[in-house]
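Subject: Handing over a structure

Hi,

Here is the structure I promised to pass on to you. Please have a look, and then read on for what I found in it.

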Amino acid sequence: MSVVVDHPASVLPSRFAWLMGLYAENYHRLARLFAPGRLALGSYRSSLDDGLDLRLDVLERHRYTLDLHLTYDFVDASTGQRSPSAQLRMYDDAHMAEVLDLCADRRLVRAIGPLRPSRDLFQQRLRMSSFLNRWLEYLAEQGHSIGTLERIVPAAVTG
């Protein structure tokens, strides 16, 4: 049976629902790609012979949250910072991943799309989450996964 909708906008999700959907999708992408909930605190590298090693830092683990840092393992010559770089918080109870901070590199922006300036905090969160979503999809297409992660052992301090 077909139904004619008088107001098509009423079947579309609200902006808030859209953002929460991105948080959930990013959580599941992260969980499928790297299973960070199973990783010990520390740093991990995913290397694929393309010269773009990915770095995942498991920073803090609390009862229902996991704080991560995801970046490529090289420094952007123009900024002196690792880029792109994302500070993330995974909420295990809600199955959501929030982008706390994001710095996008020009080369990645060209590959997966721009992160345009935002007018307000909500729009900024929506854009950062959208960027993370595209970046995680790109990483999966490139072949990064839990199987390519290797623990980075800190160098011993000599005295």
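To begin with a small puzzle: is Asp 49 buried or exposed? Asp 49 is exposed, because its relative accessible area is 80% (buried means under 20%, exposed over 50% and partly exposed in between, with a 1.4 Å probe and protein chains only).

First, the ground rules. You are looking at a predicted model, in which local features need pLDDT of at least 70, side-chain atom pairs count only at pLDDT 80 or more, and totals for chains, interfaces and linings use all residues. Residues are numbered from 1 along each chain as its sequence is written, and side-chain values use heavy atoms, with hydrogens and water left out.

On confidence, the chain has a mean pLDDT of 84, with 77% of its residues at 70 or more (pLDDT is the predictor's confidence in each residue, from 0 to 100). Please be aware that confidence is lowest in helix α2 (residues 106-112), where the mean is 56, and highest in β2, at 96. Helices (H or I, at least four residues) and strands (E, at least two) are DSSP runs, numbered from the N terminus.

Back to the backbone. Asp 49 sits in the loop between β1 (42-46) and β2 (54-61), and has a positive phi of about 65 degrees although it is not a glycine. Most residues other than glycine have a negative phi. Another case is His 95, in the loop between β4 (85-91) and β5 (96-103), with a phi near 55 degrees. His 95 is partly exposed, since its relative accessible area is 36%. The strands on either side of that loop, β4 and β5, pair in the antiparallel sense over 7 bridges (two strands pair if DSSP finds at least two bridges between them). Their hairpin has 4 residues between the strands, and Tyr 91 stands opposite Met 96 in β5.

Now for helix α1 (residues 15-34). Its 20 residues should span 28 Å at 1.5 Å a residue, and the end C-alpha atoms are 28 Å apart, so the two agree (the expected span is 1.5 Å times one less than the number of residues). Buried residues in α1 include Leu 19, Leu 22, Tyr 23 and Tyr 27. Among the elements that cover the buried residues of α1 are β2, β3, α3 and β6 (149-152). Just after α1, Ala 35 takes a positive phi of about 40 degrees.

You may also like Arg 125, which is found in helix α3 and counts as partly exposed at 27% relative accessibility. Leaving aside neighbours within four places in sequence, Arg 125 is in contact with Leu 19, Tyr 23 and Glu 98 (contact means heavy atoms within 4.5 Å). The side chains of Arg 125 and Glu 98 are joined by a polar contact of 2.5 Å (a pair of N or O atoms within 3.5 Å, one able to donate a hydrogen and the other to accept it; residues adjacent in sequence count only if both atoms are side-chain atoms).

Finally, the aromatics: a search of the whole structure finds 1 aromatic pair. The ring centres of Tyr 72 and Trp 135 are 5.9 Å apart and the planes are at 50 degrees, so the pair is tilted (rings of Phe, Tyr and Trp, its six-membered ring, pair if their centres lie within 6.5 Å; planes under 30 degrees apart are stacked, over 60 edge-to-face and the rest tilted). The pair links distant parts of the chain, with Tyr 72 in strand β3 (residues 65-72) and Trp 135 in helix α3 (residues 121-142), 63 residues apart. Tyr 72 counts as buried at 5% relative accessibility, and Trp 135 is buried at 0%.

Best wishes
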